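User: I'm new to reading protein structures. Could you walk me through how the labels in this one are earned?

Analyst: Happy to, let's take a look.

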Amino acid sequence: MNAEIGGDVHRAADMLRSGEVVAIPTETVYGLAANAFDPVAVLRVFKVKDRPAFDPLIVHVGDREQLAKVVKMWPDQAEALMDKFWPGPLTLVLPKRPEVSDLVTSGSDTVAVRMPAHPTTRELLKVTGFPLAAPSANPFGYVSPTTAEHVADQLGERIPYILDGGPCGIGVESTILAPLADGGWGLLRPGGVSLEALEPIIGRPTQRQDHGPQLLPGMLPSHYAPRKPVYMGDVEDLARRFHGRRTAVISFRSEHPAFRCEVLSPSGDLGEAAMHLFAVLRELDASPCEVILAEEFPEHGLGRAINDRLRRASAART
Ligand code: TXA
Ligand code: MG
């Protein structure tokens with residue numbers, strides 16, 4: 001198989017209807033989609049990604065009607081979050097309906113759901129009429145794809161079609177929230193919606209570290225990792241430590257002396273930096289540099305999601 005790349009929503013919908021796996025654009029990253037109500041197709045998603053069966057998928061819905069087919073009920077605050085951030089990069093973990101296969105949720109009685117904002121995928125969800133179970137369209141453990149070409153590079157031989165929606169505007173995955181027993185919210189993954197934006201509606205969510213270890217792979221310390229070693233910290237110190245090696249620096253706004261330096265946003269815009277992050281990691285991974293050194297980004301807004309991904313990319317080494 002060699003994936004065709006194209007913009008034909010109806011073709012993608014036909015394939016999904018017949019149980020195929022198709023890559024789809026979202027505003028965060030590209031997803032690897034299957035009909036959420038077709039367990040055989042869902043199983044195929046795990047196979048294509050080499051994803052372990054214990055790592056559940058996010059279900060993407062186009063409207064509240066599709067949501068009600070997936071989720072049993074949701075608290076008032078979830079309703080307020082949906083009103084404010086959907087369609088958009090916010091995923092909520094809610095009680096699932098029995099019709100949703102255990103394969104999608106890895107046996108959990110909750111399901112992660114979001115309504116994506118990308119116009120092509122919104123159109124697709126209208127045409128299919130069924131929700132789409134979709135993890136990010138990368139081999140398990142690798143950096144998420146933010147263009148159709150990224151998907152083709154790694155999974156092109158394993159899927160028939162990549163629905164091209166251009167480069168992803170946000171560039172990091174969705175923020176994942178789960179309601180807690182005490183009425184508060186837990187932050188399972190920082191992402192495209194910032195904590196500052198959530199705060200007026202639900203207050204400060206509890207951070208992952210504060211409520212025990214999380215064993216889900218999307219939350220493993222070493223994830224989103226390129227093949228080259230990544231080190232995070234003060235890039236001047238790191239550059240001294242790796243003196244004589246071909247180092248590539250990822251910096252927020254300013255140039256640093258190195259074999260190669262990638263500045264993610266010269267104007268200091270964290271949104272722009274997030275949008276470029278994964279493409280730069282992939283590019284550096286394919287480049288002749290030996291070691292990737294990444295600066296710590298400001299810990300606010302999308303900076304939190306950027307730091308989280310860089311920390312995980314570097315976790316195996318530091
Ligand atoms: O922006 C995104 O969220 C992208 C696009 C394609 O929508 N999707 C994405 O999916 O990042 P994925 O599979 O790479 O990461 C989703 C993570 C899983 O690793 C898992 O940790 C968590 O969501 N998750 C899914 N279902 C869950 C559940 N029932 N309970 C807790 N966590 C869950
Ligand atoms: Mg992923």
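Analyst: One cut-off first: a residue is called buried when its relative accessible area is under 20%, exposed when it is over 50%, and partly exposed in between. Please keep in mind that this is a predicted model.

User: Which exposed residues sit on the face of H2 turned away from its buried side?

Analyst: That face carries Val40 and Lys47.

User: And what makes the buried residues of H2 lie on the same side?

Analyst: In helix H2, residues 39-49, the buried residues are Ala41, Val42, Val45, Phe46, Val48 and Lys49. They cover an arc of only 165° around the axis, so they fall on the same side of H2. Their cover includes strand E3 (31-35), helix H5 (102-105), strand E7 (132-133) and helix H7 (148-155).

User: Why does Asp50 count as exposed?

Analyst: Its relative accessibility is 51% and the cut-off is over 50%, so Asp50 counts as exposed. You will find Asp50 in the loop between H2 and strand E4 (58-60). Asp50 also has a positive phi of about 60°, although it is not a glycine.

User: Why is Ser106 called partly exposed?

Analyst: Ser106 has 26% relative accessibility, which lies between the limits of 20% and 50%, so it is partly exposed. Ser106 belongs to the loop between H5 and E6, and its phi is positive too, near 55°.

User: How do you know that E5 and E9 pair?

Analyst: Two strands pair if there are at least two bridges between them. E5 (residues 90-95) and E9 (residues 175-179) have three bridges, in the parallel sense, so they qualify as a pair. Leu90 stands opposite Thr175 in E9. E5 is also joined to strand E6 (residues 110-114) by four bridges, this time antiparallel, and there Pro95 has Thr110 as its bridge partner.

User: What makes the contact between His60 and ligand 1 a polar contact?

Analyst: A polar contact is a pair of N or O atoms within 3.5 Å. An N or O atom in the side chain of His60 is 2.6 Å from an oxygen atom of ligand 1, so this pair meets the cut-off. The side chain of Ser136 has an N or O atom 2.9 Å from a ligand 1 oxygen, and a polar side-chain atom of Arg189 also lies 2.9 Å from an oxygen of ligand 1. Taken alone, ligand 1 exposes 670 Å², and the protein buries 96% of that.

Definitions and conventions: Residues numbered from 1 in each chain as written. Chains lettered and ligands numbered in written order. Predicted model: local features only at pLDDT ≥ 70, side-chain atom pairs only at ≥ 80, totals over all residues. Heavy atoms only, no water. Buried < 20%, exposed > 50% of the residue type's maximum accessible area, 1.4 Å probe, protein only. Helix = DSSP H or I, 4+ residues; strand = E, 2+ residues; numbered from the N terminus. Arc of directions from axis to C-beta. Contact = heavy atoms within 4.5 Å. Polar contact = N/O pair within 3.5 Å; in protein donor to acceptor, adjacent residues only side chain to side chain. Areas by Shrake-Rupley, 256 points an atom, 1.4 Å probe, with all protein chains shown as cover.
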